[in-house]
Amino acid sequence: MPSVIVGAGLVGSLLAITLKKRGEDVILFERNTDMRLEELGAGRSINLIITSRGLNAVKKVGILEDVLALTVPVTGRMMHSKAGEQTYQPYGKDPSECNFSISRAELNKLLMTKAEEAGVEIIFSHSVHKIDVDKDEIYFTGPSKIERTENFDRIYGTDGANSAVRKELLNLVPASKESMNLINADYKELFMPAAESGDYAIEKNALHIWPRGNHMLMALPNLDGSFTMTLYLPRDGENSFENLKTDEDLHNYFKENYADSIPLMPNYKEDFFENPQGILGTVRANPWNFSDRICLLGDAAHAVVPFFGQGMNAGFEDVTCLMDCIDKSEGDWKLAFDNYSKDQKPNGDAIADMAIENFEEMSDKVGDERFLFFKKVENELQKRFPDKFRSRYGMVVYTLVPYSYAKAAGEIQWQIIEEIAVEKTDLESINWDHALKLIDEKLVPFQKENNVSLERYKH
Ligand SMILES: Cc1cc2nc3c(=O)[nH]c(=O)nc-3n(C[C@H](O)[C@H](O)[C@H](O)COP(=O)(O)OP(=O)(O)OC[C@H]3O[C@@H](n4cnc5c(N)ncnc54)[C@H](O)[C@@H]3O)c2cc1C
């Protein structure tokens, strides 16, 4: 019997390629129609940042170059002040230390095509609604409500944050848990076209941010000279979706907050009023598997808010982790699924927590001078002691250390920063010998205990 993957999104499609290339018999079901044959609905394009964990997973299945061909390198953040001043903060010490902007839809299409080329059959327009593990049967509703039954060996739930597979799995496991917590911020996609010359209207190789406390605008470059913009806004309160009801409200809000972007976004009003408003939240579930029969990956297991740019990267890492567990379990699928769930669940929890913290940081601390000074100190520490100290952001985005390690080490590092920077206001007055002593006493033993390498992931 084949294994059934439910959901041909980013993670399900990558999983299908990976399993098929290992000789597994898999069939992939997708609720939607084939996106390669249709125009994408307005406001649903979403650009993602792909970083070390995502690149590592696509490299393992031999499609790194195809993926990179769809990306625009992003070498730093460009912060836009209300007055229109731009401040560039490079991510690394040179432009090779960068992230990559990619269209979610284009990546998804590529992964589907690669899955088919590997020999995977994708059945579109079929939505799972029930699983009977005793009968080895999974039931889908197809076009015109016609039901289709498929026999299965194993089911992989990659059907996103509202996963139907997760609900079936949790019904099978006594004392299982699930939670979904929305944050009080939704998002809306807007668009900045290429300039008349065809060039990018703002710096091409940057993630642009207009940070305004609990609301902000972001822009990521596309290959064709345009930018996909995302506006994050509270649902209610001051500066919220609730308060932007008319053209005039919107114009005043943009004039006050993002004046420099107005001439570059001729259709921002239409986009704002016509595009769908997306919700953002964290999904947690435990466990991620039911014996050797059902296994969850990607957003189905751990949807996170997008403020660390890691949802897909974490989902791709799930695929890598599951394959390692399969390799180590020598044909014992229950052991493989149990170990995957045990190993990767703490990492899903850690990236969910760090993404929320980043959201709070962006909302509350962006104008906090102490916080910004501590960030400077953090940066200086990693410059001075690169073998021993890497910022939490750097660990998440440029290495393959487990997210749970990055979170725990990040806490130790922050305590060190607080200790050396207390009552200081400039880098010159910091005692760097004392900093090194603290790093050697508190951080290095933790690194050794966890046997991690802070080395930068190089694709
Ligand atoms: C605004 C925004 C910005 C983001 N930025 C980043 C970023 O920079 N970097 C990053 O790594 N991540 C980012 N993310 C997160 C990323 O988009 C998700 O983590 C990723 O898409 C999850 O992939 P997935 O395959 O697990 O789920 P999905 O992409 O949700 O795919 C699930 C698939 O399952 C199908 N499906 C659902 N239900 C059923 C059913 N019952 N039967 C059959 N099929 C079904 C769906 O149609 C879909 O195709 C961002 C998210 C948002 C909202």
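Which residue in β18 is the bridge partner of Y187? The answer is G278. That pair is a good place to enter this predicted model. From there we can follow one strand, then step back to the whole chain.

Y187 belongs to strand β14, which covers residues 186-192. Its link to β18 (residues 277-278) consists of 2 bridges, and the two strands run antiparallel. β14 has another partner. Strand β17, residues 227-233, pairs with β14 over 7 bridges. The sense is again antiparallel. One position to look for is M192, which stands opposite F227 in β17.

How many of the 7 residues of β14 are buried? The count is 6. A residue counts as buried if 20 or more other C-beta atoms lie within 10 Å of its own. The strand is therefore largely enclosed by the rest of the structure. A general point helps when viewing any regular strand: side chains alternate between the two faces of the sheet.

Now step back. The protein holds 14 helices and 21 strands. Its radius of gyration is 23 Å, close to the 23 Å that the globule rule gives for 459 residues, so the protein is as compact as a globular protein of that length. Along the principal axes, the C-alpha atoms fill a box of roughly 70 × 60 × 40 Å. Across the 459 residues, 41% count as buried.

Contacts tell us how the chain folds back on itself. Take those between residues at least 6 apart in sequence. Of these, 69% join residues at least 24 apart.

The domain assignment divides the protein into domain 1, domain 2 and domain 3. Domain 1 is made of segments 3-71, 102-180 and 281-358. Domain 2 spans 186-278, and domain 3 spans 368-450. The strand we began with, β14 at residues 186-192, falls within the bounds of domain 2.

Where do domain 1 and domain 3 stand relative to each other? Their C-alpha centres lie 34 Å apart. The contact between them takes 12 residues from domain 1 and 9 residues from domain 3. On the domain 1 side, α2 (52-60) and α10 (333-365) each supply at least two residues. Which of the elements gives the largest share of that side? It is α10, with 6 residues. By class, the side of domain 1 that touches domain 3 has 5 nonpolar, 5 polar and 2 charged residues.

Technical notes: Residues numbered from 1 in each chain as written. Predicted model: local features only at pLDDT ≥ 70, side-chain atom pairs only at ≥ 80, totals over all residues. Buried ≥ 20, exposed ≤ 12 C-beta atoms within 10 Å, placed from the backbone. Helix = DSSP H or I, 4+ residues; strand = E, 2+ residues; numbered from the N terminus. Pairing = 2+ DSSP bridges. Rg over C-alpha atoms; globule rule 2.2 N^0.38 Å. Contact = placed C-beta atoms within 7 Å. Domains from an automatic or database assignment. Nonpolar A, V, L, I, M, F, W, Y, C, P; charged D, E, K, R; others polar.
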